[in-house]
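I opened this notebook to keep track of what I looked up, one topic at a time. What can be read from a structure when each entry keeps to a single question?

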Amino acid sequence: MNQPLPPSIPVLIAGGGPVGLTLSALLSAQGIANLVIEDDEGYCSGSRAICMSRRSQEILGWVGADKALVAKGLSWVGGRSYWRHNEVLHFQMPSEPTQRFAPMVNIQQFYVEEFAHRAAQATVEPAQVQWASRVTGVRPHADGVDVVVSTSDGMHTVRADWLVACDGGRSTVREQLGLQLEGTQYDGKYVIVDVVQKTRRAVERLAWFDPPSNPGSTILMHRQPDDVWRIDYQIRDDEDPLEAVKPENVLPRVQSHLAMIGETEPWEPLWISIYNAKCLTLPSYRHGRVMFAGDAAHLVPIFGVRGLNSGLDDAGNLAWKLARVVRGQSPEGLLDSYSTERVHAARENIAYGAKSTEFMAPPNFAYQWMREATLRLAVSDEQVRSLINPRQSSPITYVGSPLNAVQASGWVHDQAVPGAPAPEALLQGALHLSRHFGHGFVCLAFGGAGPDLHDIGVALLELPPEVDTLGQAWQRYGLHGPGQPALVLVRPDGYVMGRWLGLDPAPLLAALKDTGVIA
């Protein structure tokens, strides 16, 4: 049952999907009171976004939601693509036994929402989620936002210091501010179907181009928990979308394909929907005291699974910055970097997503012809097969971020350049380095005793050779050897802010002040 709405709140989150609930959990874990307004009566129905990247698992781990997700989900490291009956691609994503998480985990979106919500309720500042309620009005002011909320007992106005729009592709908040997404929308449509069927098939991403079961179509399949298949298939341009999702038109196509691949166990449908690819983004994700995240900020094609994963990265990026601003530890200008970094990430994701979409759902005859030629050649030419690779989601390096510290020369490589995701490393005692991220700033000290930065809220982690037993840390952070003195400052969202040769903390402190992180 819903509680009475408070008259005011530091942060109001419009939208209780996976992005809104994850942001709520991240803020709650840092003691920031927040209120989530969600139109639905509970978690979503249907599989929706199902592929959780390694980065997303790490973000959910910051609030303790990773264990339930990994236990329930089905991990995978690669996939296969077929043209008619011929296998034309078998790909593997980068993975190694020492990694903390699998490259990808299949799990229905409603489980992600549940686990994030439970994590938020287990924090020192449990969030209030107002179900079956919706934001209907937004009145921005210089020092806050008046948010009109429609509930079962009438209309209420809540004064929020900050409003975060996580209310999806049809965002009411975006509409209220008169903002429009910019970019491209594709015509090709895919029907999405969840069916229950037992199988012994390995967990992989499976794709068929022009399969005999559904000639001319493209079909994607993913196993999910609870013996559920997620099946996406392309419909013809001349098919009526309303007719295409009727069970009498969907079920024969599903049956034909299941029979073709030898899946003969009894099955039944659970959920049917339809989708078309969009490559759209707002030019800015900050408008005064209103922030945008997830589908309210950008719409990315499902091919390459960058939609929800990029939304969770929005939450991970925004949460620590917003928490610092609310607590008065950083000036409001820090939030401008959220927009700069995440708009950059969205444009990169859209560029990759557009390439995948043009292959998976060719927008015209020329793209169709090129795809056909590629698939024909791939049957016998392995060098062509890389062109079919779906380019799965990966974290974006924030090139040109205002938070990146100036870096001197002398490093072996740029894998850990400022603005890049902090590399993982397995340390002594089978402890993963990433377990130290996600809770605040961390200073990694190599080759000697590091500085005490506790007074400014920076934790110290010393990494002498006896702790970095496999040598992964010093190698991946670009040092010349295990004993070379160096400092690396990792942000609360697990990104490298700066790195310096030697153990002098002066340039690190200057970077925190010069970038405006410290007020």
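Before the first entry I need one cut-off: a residue counts as buried under 20% relative accessible area, as exposed over 50%, and as partly exposed in between. I also note that the model I am reading is a predicted one.

**Entry 1: backbone angles**

I began with R84, which sits in the loop between β5 (78-83) and β6, and I asked whether this residue is buried, partly exposed or exposed. Its relative accessibility is 31%, and because that value falls between the two cut-offs, R84 counts as partly exposed. I then looked up its phi, which is near 55 degrees, a positive value in a residue other than glycine. I wrote this down because most residues other than glycine have a negative phi. D210 belongs in the same entry, since its phi is near 50 degrees, again a positive value in a residue other than glycine. I found D210 in the loop between β13 (205-209) and β14 (218-224).

**Entry 2: an exposed histidine**

Next I turned to H480, which I located in the loop between α11 (472-476) and β24 (486-490). With a relative accessible area of 55%, H480 is exposed, because the cut-off for that word is over 50%. I also looked up how H480 lies with respect to A315, and I noted that the two are 165 residues apart along the chain, while their C-alpha atoms are separated by 35 Å.

**Entry 3: cysteines**

How many disulfides does a search of the whole structure find? The search finds 0, and I wanted to see the reason in two individual cysteines. For C166, the closest cysteine sulfur is in C44, at 15 Å, which is too far for a bond because a disulfide needs the two sulfur atoms within 2.5 Å. For C279, the closest cysteine sulfur belongs to C51, at 18 Å, and this is also too far for a bond. I checked their surroundings as well: C166 has 10% relative accessibility and so counts as buried, and C279, at 5%, counts as buried too.

**Entry 4: strand β2 and its partners**

I followed strand β2 (residues 34-37) residue by residue, and I saw that N34 and V36 point one way from the strand while L35 and I37 point the other way, and that all of them are buried. Strand β1 (residues 8-14) runs parallel to β2 and is joined to it by 4 bridges, and across this pairing L12 stands opposite L35. Between these two strands the chain passes through helix α1 (residues 18-29), and the resulting β-α-β crossover is right-handed. β2 also pairs with strand β8 (residues 128-130), in the parallel sense and over 3 bridges, and there I37 stands opposite Q130.

**Entry 5: an open sheet**

In which order do the 8 strands of the open sheet lie? I read the order as β6-β5-β13-β14-β15-β12-β16-β19, with mixed pairing. The edge strands are β6 and β19 (298-299), each of which pairs on one side only. Inside this order I looked at one pair in detail: β5 and β13 pair in the parallel sense over 5 bridges, and R80 stands opposite L206 in β13.

**Entry 6: the second largest pocket**

I looked up the volume of the second largest pocket, which is about 750 Å³. Its lining has 29 residues, and R54, P94, Q99, S394 and P395 are the ones that lie nearest its centre. The elements that give two or more residues to this lining are α2 (54-61) and β6 (86-92), and the largest share, 3 residues, comes from α2. When I sorted the lining by class, I had 11 nonpolar, 11 polar and 7 charged residues.

**Entry 7: the second largest cavity**

The count of cavities of 30 Å³ or more comes to 2, and I chose the second largest, with a volume of about 40 Å³. Which residues line the second largest cavity? I listed N214, I219, I231, Y233, R253, V254 and H257. β15 (228-234) and α7 (247-260) each supply at least two residues of this lining, and α7 gives the most, with 3 residues. By class, the lining divides into 4 nonpolar, 2 polar and 1 charged.

Conventions: Residues numbered from 1 in each chain as written. Predicted model: local features only at pLDDT ≥ 70, side-chain atom pairs only at ≥ 80, totals over all residues. Heavy atoms only, no water. Buried < 20%, exposed > 50% of the residue type's maximum accessible area, 1.4 Å probe, protein only. Pairing = 2+ DSSP bridges. Right-handed = clockwise from strand over helix to strand, strands pointing away. 1 Å grid on protein atoms, 1.4 Å probe; cavity = no way out; pocket = protein on both sides within 12 Å on 5 of 7 lines; lining within 4 Å. Points joined across faces, edges and corners; volume = space filled by probe spheres on them. Nonpolar A, V, L, I, M, F, W, Y, C, P; charged D, E, K, R; others polar.
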